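User: Please take a close look at one part of this structure and describe how it sits in its surroundings. Each term should be explained when it is used.

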Amino acid sequence: MGPPSKGNHTPFLLIVGLLAWLVPGAGHLVLNEKRHAVIIFVAITLTFCTGIYIGSIGVINWVGAKPWFIAQMMNSPVVWILWKLVENGDYPVYGRPNEIGQIYTSIAGLLNLLCIVTAVYWAHLRRIETAGD
Amino acid sequence: MSILATFVLATFTIPENIGSNPQSMLWLLPLVVAIATVYKATKIQKIKAAHFLKEAVILTGSIIVFMIITALVLCTLAWLITE
């Protein structure tokens, strides 16, 4: 993706934010920060997968754990697809595995939110620097 | 679908058997590493492997030390209140 002109600043920021949400690290990849992108992708994906490994995909629960689900949704829209798989209640999980699984998946989501905000902020800063040249 | 793929997917449909004991809290240590790694990735502008690792390890250690201190303070408070 080429450098943005002054006219398309906001759409560019939206694209960066959307990509960063779709795939963790993609926002940084668009900004040509490959090392950041790889680290973010690996760390967040691994954290999320560890969460659903410990607690099973049953930890994704829009009905019984709305605040956790909102944090989990920050990972990627894939979480919504997983919720559609488990919404019939075929994968119940209780107790400590549920707690640890929810904590892992939700923290992964909140970390991705931090990365989304950072990617958008860096994109904004670069736009300002480009305009200042 | 291959047997391997089925096996991998199946591991994500059955929860692990983790008891409600103090040792289960050790599961939160990998989470600290993940938090420190991602946080440092958002803070460091130019990533060099050695520098990044050092920063992430320091932050991980700081969080763990702070958690231990907090736990000790809370245990002491609980002991003072209940004695």
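Analyst: A residue is buried if 20 or more other C-beta atoms, placed from the backbone, lie within 10 Å of its own, exposed if 12 or fewer do, and partly exposed in between. The model is predicted, and local features need pLDDT of at least 70, side-chain atom pairs count only at pLDDT 80 or more, and totals for chains, interfaces and linings use all residues. Residues are numbered from 1 along each chain as its sequence is written, while chains are lettered from A and ligands numbered from 1 in the order in which they are written.

The part chosen here is helix H6 of chain A, residues 95–132. Its setting comes first. Chain A has 6 helices and 0 strands (DSSP runs of at least four H or I residues, or at least two E residues, numbered from the N terminus). Its C-alpha atoms fill a box of roughly 55 × 25 × 20 Å along the principal axes, and 47% of its 133 residues count as buried. Two loop residues show both ends of this scale. A:Asn32, in the loop between H2 and H3, counts as exposed because it has 10 C-beta neighbours inside 10 Å. A:Ser56, in the loop between H3 and H4, is buried, with 23 other C-beta atoms within 10 Å. Phi is positive at A:Asn32, about 65°, and also at A:Ser56, near 75°, although neither residue is a glycine.

H6(A) has a partner in its own chain. H4(A) and H6(A) pack at an angle of about 45°, with their axes, which are lines fitted to C-alpha atoms over the stretch in contact, 6 Å apart (angles run from 0 to 180 degrees between N-to-C directions). The two helices are therefore oblique to each other (under 35 degrees is roughly parallel, over 145 roughly antiparallel, 65 to 115 roughly perpendicular, and the rest oblique). A:Trp68, A:Ala71, A:Gln72 and A:Met73 of H4(A) meet A:Gln102, A:Thr105, A:Ser106, A:Gly109 and A:Leu110 of H6(A) (contact is C-beta atoms within 7 Å). These residues divide into 4 nonpolar, 5 polar and no charged (Asp, Glu, Lys and Arg are charged; Ala, Val, Leu, Ile, Met, Phe, Trp, Tyr, Cys and Pro nonpolar; the others, Gly among them, polar).

H6(A) also meets the other chain. H6(A) and H2(B), residues 28–43, pack at about 5° with axes 10 Å apart, and the two are therefore roughly parallel. On H6(A) the contact is made by A:Ile103, A:Tyr104, A:Ile107, A:Leu111, A:Leu114, A:Cys115 and A:Thr118, and on H2(B) by B:Leu31, B:Ile35, B:Val38 and B:Thr42. This contact has 9 nonpolar, 2 polar and no charged residues.

Over the whole interface, 29 residues of chain A are in contact with 20 residues of chain B. H3(A) and H6(A) each supply at least two residues of the chain A side, and H3(A) gives its largest share, 13 residues. That side has 19 nonpolar, 8 polar and 2 charged residues.

H6(A) further belongs to the interior. The largest nonpolar core (buried nonpolar residues, Pro left out, joined through C-beta atoms within 7 Å) has 44 residues, and those touching the most other members include A:Leu111, A:Cys115 and B:Val38. H6(A) provides the largest share of this core, 11 residues. A:Ile40 is also among the residues touching the most other core members. Neighbours within four places in sequence aside, A:Ile40 is in contact with residues including A:Cys115 and B:Val38.

Technical notes: Contact = placed C-beta atoms within 7 Å.
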